[in-house]
Amino acid sequence: MAKLTVNDLDVRGKRVFVRVDYNVPMEEKDGQMVINDATRIKETLPTLDLLINKGAKIILAAHLGRPKGQREPSMSLRPVAAKLADMINRPVAFVDDCIGEKVENTVGALKEGDVLLLENVRYYNEEEANDAAFAEKLAKVADIYVNDAFGAAHRAHASTEGVARIVAKRGGKCAAGLLMERELKFLGDELETPASPFVVILGGAKVSDKIKVIDRLLEKADTILIGGAMAYTFKLANGFKTGKSLVEADKTDVALAAIAKAAKRGVKFLLPTDNIVATPQETGKLNKKGKPVFEFVNPRVLAEANIPDAEEGFDIGPATAATYAEVIRSAKTILWNGPMGMFEDKRFAEGTNVVARAVVEATQKNGAKSIIGGGDSVKALNVAGLGDKVTFMSTGGGASLEFLEGSALPGVAALSDK
Ligand code: AMP
């Protein structure tokens with residue numbers, strides 16, 4: 001059932017507790033923590049503008065990093081309050097705690113349209129434990145609950161789930177923010193009855209991470225294009241040689257079951273026919289975890305599907321990329337999750353870039369709806385400067401995958417129905 005959204009609420013003069021995703025990348029510069037990328041803050045502005053204009057008293061709660069219940073100064077949200085104030089052009093109050101008297105007093109002094117950011121909720125272990133007493137303390141300042149943190153909605157934590165349950169029990173409304181609403185629309189409603197041809201592009205490291213998504217999308221897709229390291233597990237299952245490529249040898253049965261399901265349902269299931277391979281060589285160095293660091297030498301196009309023993313596959317080859325691009329250009333609905341190769345290294349980014357350009361072309365010229373399911377494919381599109389040329393890019397990583405699998409997200413389930 002559709003969830004209530006901030007648009008449905010009467011918030012004037014009410015204390016609105018808003019869970020946002022301000023888990024922004026930060027870096028220490030001259031002894032101060034500086035925000036490297038404010039996208040996540042920017043993404044909440046439509047919801048904040050709406051609440052400010054409607055005269056709410058806004059209390060923002062978020063987590064930053066993994067302080068594991070400690071008051072870790074480098075994970076304070078204070079710099080985020082300053083950045084947000086700049087972005088909305090009005091003061092943002094900050095309290096160095098998320099519960100207790102100081103919070104209650106500050107909230108008591110808020111006027112209509114005022115904004116307060118609370119300190120990192122993960123300074124308390126009770127947050128991730130979804131501790132009922134802690135959630136009660138957070139809920140003390142909330143008449144209404146709004147969740148705009150899609151990226152954290154797959155976790156049943158106190159600020160993402162517990163507070164909502166308490167507010168609802170008191171008869172208060174719990175609603176999706178505008179960002180959350182868009183996520184539910186594109187990853188949910190739009191994919192329920194996608195316009196055909198519906199092309200699903202899946203890549204990334206592991207079959208095991210995405211098998212539930214594959215299984216679900218096999219019910220709806222016309223074509224599934226597989227890339228990334230996970231393609232090699234499928235190739236192994238089909239009897240090809242995969243050399244030193246990243247494979248999950250214990251997942252070949254799962255891979256074969258997906259291929260069989262695709263055949264039974266008449267879904268075209270495409271695997272790479274050529275690859276970019278390179279030879280891994282030990283550098284003699286160890287990484288932070290004490291594991292040997294490799295460099296990858298002699299990258300080359302391997303025009304056949306079997307990969308020699310000494311080499312490793314790092315990207316789909318040009319013939320595969322061209323075939324995938326042609327399929328994508330004729331799509332009316334596209335869902336993309338996961339890069340086609342180890343795109344962080346430019347030598348292995350071309351497959352991902354060809355796919356990205358085809359997705360953009362389908363969107364711009366063919367009127368296709370293109371939905372990018374979070375994580376590294378969003379990063380790849382942004383690096384290629386194409387982020388604003390697709391229909392929708394999810395802000396969730398784990399949350400997007402779980403939602404696409406068809407799992408109920410605790411942070412969404414706790415919101416009031418329309
Ligand atoms: P995921 O989080 O599952 O979407 O996986 C993304 C990661 O998979 C990225 O960091 C890629 O570098 C990595 N990746 C994709 N293809 C390959 C490959 N062929 N070999 C090694 N890593 C890969």
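## Exercises on a predicted protein model

Of the protein's 418 residues, 53% count as buried, where buried means under 20% relative accessible area, exposed over 50% and partly exposed in between (1.4 Å probe, protein chains only). This is a predicted model, where local features need pLDDT of at least 70, side-chain atom pairs count only at pLDDT 80 or more, and totals for chains, interfaces and linings use all residues. Residues are numbered from 1 along each chain as its sequence is written, and side-chain values use heavy atoms, with hydrogens and water left out.

### Exercise 1: Overall build

Work out how the radius of gyration of the protein fits a compact globule.

Step 1. Start with the rule: 2.2 Å times the number of residues to the power 0.38, with the radius taken over C-alpha atoms.

Step 2. For 418 residues that puts a compact globule near 22 Å, and the protein has 23 Å, which agrees.

Step 3. Now look at the box: along the principal axes, the C-alpha atoms fill roughly 70 × 50 × 35 Å.

Step 4. Inside it sit 16 helices and 17 strands; these are DSSP runs numbered from the N terminus, helices being H or I with at least four residues and strands E with at least two.

### Exercise 2: Following Glu-192

Find the salt-bridge partners of Glu-192 and say which parts of the chain they link.

Step 1. Set the cut-off: a side-chain nitrogen of Lys or Arg within 4 Å of a carboxyl oxygen of Asp or Glu. A search of the whole structure turns up 26 such salt bridges.

Step 2. Take Arg-216, which pairs with Glu-192 at 3.7 Å, N to O. Arg-216 is in helix α9 (residues 207–217) and Glu-192 in helix α8 (residues 178–192), so this bridge ties together parts 24 residues apart in sequence.

Step 3. Add Lys-220, whose side chain meets Glu-192 at 3.6 Å, N to O. Here the link runs from helix α8 to the loop between α9 and β10 (223–226), with the two residues 28 apart.

Step 4. Check accessibility: Glu-192 comes out at 42%, Arg-216 at 31% and Lys-220 at 29%. Each falls in the partly exposed class.

Step 5. For another pair, try Asp-345 and Arg-347, with their closest N and O atoms 2.8 Å apart. Arg-347 is partly exposed at 38%. Elsewhere, salt bridges that share partners join Asp-215, Glu-219, Lys-261 and Arg-265 into one network.

### Exercise 3: Around the ligand

Describe the shell around the ligand and its contacts with Ala-205, Lys-210 and Ala-229.

Step 1. Count the shell, using a heavy atom within 4 Å as the test for being near. There are 14 residues around the ligand, and Lys-210, Ala-229, Gly-313, Glu-344 and Asp-376 come nearest.

Step 2. Sort by class: six nonpolar, five polar and three charged. Ala, Val, Leu, Ile, Met, Phe, Trp, Tyr, Cys and Pro count as nonpolar, Asp, Glu, Lys and Arg as charged, and the others, Gly among them, as polar.

Step 3. Go through the atom pairs. Ala-205 has a backbone N or O atom 3.1 Å from a ligand oxygen, while a side-chain N or O atom of Lys-210 sits 3.0 Å from an oxygen of the ligand. Ala-229 has a polar backbone atom 3.1 Å from a ligand nitrogen.

Step 4. Finish with cover: the ligand has 500 Å² of accessible area on its own, and the protein covers 80% of that, by the Shrake-Rupley method with a 1.4 Å probe.

Note on methods: Polar contact = N/O pair within 3.5 Å; in protein donor to acceptor, adjacent residues only side chain to side chain.
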